[in-house]
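The following paragraphs lead through a structure with its bound ligands, and it may help to keep the 3D view open while reading.

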Amino acid sequence: MKVAVCIKQVPDTEAEIKWDTQKGVLKRDSIDPITNPFDEFAVEEALLTKEKYDCEVYAISMGPERAQDVLRNALALGVNGVYHIMDESLSGSDTFGTAYALAAAIKKIGDVDIVLMGRQSTDGNTGVVPGELAAILGYTPLTYVAKIREIDFQGKKIVVERAIEGGFEVVEGKLPAVVSVIKGINEPRLPNLMGIRKAAKMEIPKWTCDDLGIEKNKVGLSASATKVVEISVPPPKSQGEILKGELDEIAEALASKLLDLKIIK
Amino acid sequence: MGDVWVYIEHREGITSPLSFELLGIGKKLAQERGGKVCAFVIGENIDSIVKDAFAYGAEKVYSVTDPTFKTFRSDLFSKAACGLVEKYGPDVILFRSTTQGTDLSSSMAGKLNVGLCADAINIYHENNVLKMVRAAFGGRFNVTVANERAVPKLVTVRPKAFEMPEKKEGQEGELVKETISVPESDALTKILDFVKSAVTVNLVEADIIVSGGRGVGKPEGFALLKELADLVGGAVGASRAAVDSGWIPYEHQVGQTGKTVKPKLYIACGISGAIQHLAGMRTSDCIVAINKDPDAPIFKIATFGIVGDLYQVIPKLIEKFKAKLGK
Ligand SMILES: Cc1cc2nc3c(=O)[nH]c(=O)nc-3n(C[C@H](O)[C@H](O)[C@H](O)COP(=O)(O)OP(=O)(O)OC[C@H]3O[C@@H](n4cnc5c(N)ncnc54)[C@H](O)[C@@H]3O)c2cc1C
Ligand SMILES: Nc1ncnc2c1ncn2[C@@H]1O[C@H](COP(=O)(O)O)[C@@H](O)[C@H]1O
């Protein structure tokens with residue numbers, strides 16, 4: 001009974017962001033990193049699952065040296081173990097390359113019943129790594145999960161509620177499964193001082209492409225079919241108009257302007 | 001072959017016009033490469049969807065019907081879709097970046113060993129290379145992604161990023177019916193139930209959104225926003241601050257950790273305009289900000305701004321709209 005949780009380190013949205021315009025990749029070293037907000041829910045769900053079903057939980061992150069911070073945080077929260085996938089040839093991987101490397105790590109951990117992930121990352125913002133990962137591993141894809149109703153590790157089944165357009169879909173899936181979670185599924189806890197102290201001293205195991213048996217031509221910048229070719233700042237919206245005057249006049253003016261746009265019928 | 005395929009999403013045979021929105025941009029991309037714009041539909045009873053796909057401009061429609069495809073399940077639909085792709089070899093496949101479009105495209109990408117460009121806000125060919133523009137870091141940057149090699153090239157597109165194609169009733173094209181059936185025992189999932197949400201208007205599809213933030217101050221305030229939204233035919237959105245305060249459910253949250261929306265009109269009431277909120281709505285066509293703080297950052301991206309108390313401004317606006325709309 002093993003649960004893996006994939007966490008990504010992302011730049012704080014408020015931070016100043018620097019790009020390597022030559023390579024079209026982020027200069028991740030230059031920015032304040034945080035745990036991807038959705039992945040905090042994934043970690044919490046993994047911990048709740050551990051407490052309820054007495055399974056083991058392993059956290060995985062792929063990223064540069066600094067990505068170990070998010071893993072250390074997971075250790076402080078109480079996961080059983082962590083793995084840091086780090087290899088120069090992985091830098092610049094597109095979503096497929098990322099999913100491919102995560103899949104290799106999950107196979108190496110072995111006997112993983114559930115992979116928990118966030119619904120999307122706030123930097124890549126693609127939300128496609130979970131679906132790709134499930135397809136690569138042949139696991140059941142269960143995305144946008146708002147609630148895990150029950151897990152039957154012996155019977156290899158899980159029942160979840162998925163938040164999709166128009167409502168909630170209740171789905172039973174076979175295990176192993178990839179489960180991506182949305183905000184509101186739980187309230188992530190904070191690490192306590194003892195956890196932080198313990199985690200600070202722990203060794204973070206690193207896995208390279210060779211350790212994972214990854215063919216280098218499948219991953220990294222050179223292998224990615226999708227490539228960033230240009231980065232630009234979107235043109236500023238034309239200067240807006242602040243309506244001034246008495247409330248009655250302003251409301252009249254705004255209502256007319258909006259009706260002129262012919263959106264309101 | 002430069003064929004461009006468009007996935008037509010539906011829920012058990014039910015579509016909205018937006019299900020067909022990508023046939024417009026699909027046609028343009030196909031013409032740029034001398035190919036055809038084709039729709040593909042998977043389901044159980046989909047005859048009327050096929051008809052509508054032609055009406056919205058599909059030159060060819062691939063349809064796969066089987067009882068196991070009654071409800072969307074990405075594990076099964078992606079098998080059928082990959083089967084079609086392997087047989088007919090499209091150049092580009094477009095999906096909407098809804099939950100269904102994202103599920104299907106990502107499953108296909110994993111199965112077909114190809115990358116995927118997600119949530120594009122613009123797509124075009126340049127020297128025969130497919131380029132996609134997407135917003136990054138809360139829309140502070142636009143990133144252009146090129147896809148030179150993948151076969152096929154999978155792209156998900158932000159809903160409402162392109163003009164709706166015109167619907168011409170009775171327009172016809174070539175229909176290709178494929179029989180692909182997957183035994184139910186192969187299915188990894190079983191749908192047990194669908195609980196309709198209490199939210200009547202889907203935020204992502206709405207043309208008008210009236211959104212409230214911490215400035216609304218209390219749960220009852222959202223009733224006022226709802227009144228305005230109902231009057232103008234819109235949906236109600238919210239900032240994270242309002243959601244976290246428990247005034248309105250998470251389903252309404254707009255922003256980096258909520259929904260990304262692109263309505264024609266976004267009315268932000270009592271929202272300061274934090275970068276994470278802007279991430280979800282800055283590509284809206286027209287933005288109206290109502291805020292009592294003249295220095296609130298939301299005014300920087302607003303098309304029209306009103307500095308004032310929303311509890312005075314909104315009732316006045318409602319009054320004016322009622323008079324003008326004759327309601
Ligand atoms: C990782 C992360 C993810 C996030 N994701 C999101 C997200 O998805 N969506 C999101 O919205 N936020 C998100 N946030 C939060 C974001 O940073 C802001 O805290 C939030 O958007 C603020 O909401 P607000 O504008 O409603 O509240 P405030 O910033 O408190 O602004 C309230 C505004 O209301 C005005 N006001 C008060 N009373 C009135 C009145 N009577 N009439 C008119 N105006 C009034 C005030 O002048 C003020 O400008 C995220 C933050 C983080 C760190
Ligand atoms: N480099 C990574 N390391 C670990 N997990 C990742 C990584 N990239 C993406 N993920 C996982 O995939 C989810 C969706 O990410 P994305 O598809 O990039 O939006 C995230 O919430 C993570 O759980």
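Ligand 1 lies between chains A and B. The model is a predicted one, in which local features need pLDDT of at least 70 and side-chain atom pairs count only at pLDDT 80 or more, while totals for chains, interfaces and linings use all residues. Residues are numbered from 1 along each chain as its sequence is written, chains are lettered from A and ligands numbered from 1 in the order in which they are written, and side-chain values use heavy atoms, with hydrogens and water left out.

Around ligand 1 there are 25 residues (a residue counts as near if one of its heavy atoms lies within 4 Å), and those that come nearest are Arg214(B), Ser239(B), Thr257(B), Ser272(B) and Gln276(B). Among the polar contacts (pairs of N or O atoms within 3.5 Å), an oxygen atom of ligand 1 is 2.6 Å from an N or O atom in the side chain of Ser239(B), and an oxygen atom of the ligand is 2.7 Å from an N or O atom in the side chain of Gln276(B). Taken alone, ligand 1 exposes 980 Å², of which the protein buries 80% (accessible areas by the Shrake-Rupley method with a 1.4 Å probe).

Ligand 2 has 19 residues around it, of which Cys6(A), Asp39(A), Ser121(A), Thr126(A) and Gly127(A) come nearest. Polar backbone atoms take part here: one of Cys6(A) is 2.7 Å from an oxygen atom of ligand 2, and a backbone N or O atom of Gly118(A) lies 3.0 Å from an oxygen atom of the ligand. The protein covers 97% of the 480 Å² of accessible area that ligand 2 has on its own. Among the elements of its shell, β6(A) gives the most, with three residues (strands are DSSP runs of E with at least two residues, numbered from the N terminus).

Turning to the sheet, six strands form an open arrangement in the order β15(A)-β15(B)-β14(B)-β13(B)-β11(B)-β12(B), with parallel pairing (two strands pair if DSSP finds at least two bridges between them). β15 (241–243) of chain A and β12 (235–238) of chain B stand at the edges, each with a single partner strand, so one side of each is left without a neighbour in the sheet. Within this sheet, β11 (residues 208–212) and β13 (residues 265–269) of chain B pair in the parallel sense over five bridges, and Ile209(B) stands opposite Tyr266(B) in β13(B).

How values were computed: Polar contact = N/O pair within 3.5 Å; in protein donor to acceptor, adjacent residues only side chain to side chain. Helix = DSSP H or I, 4+ residues; strand = E, 2+ residues; numbered from the N terminus.
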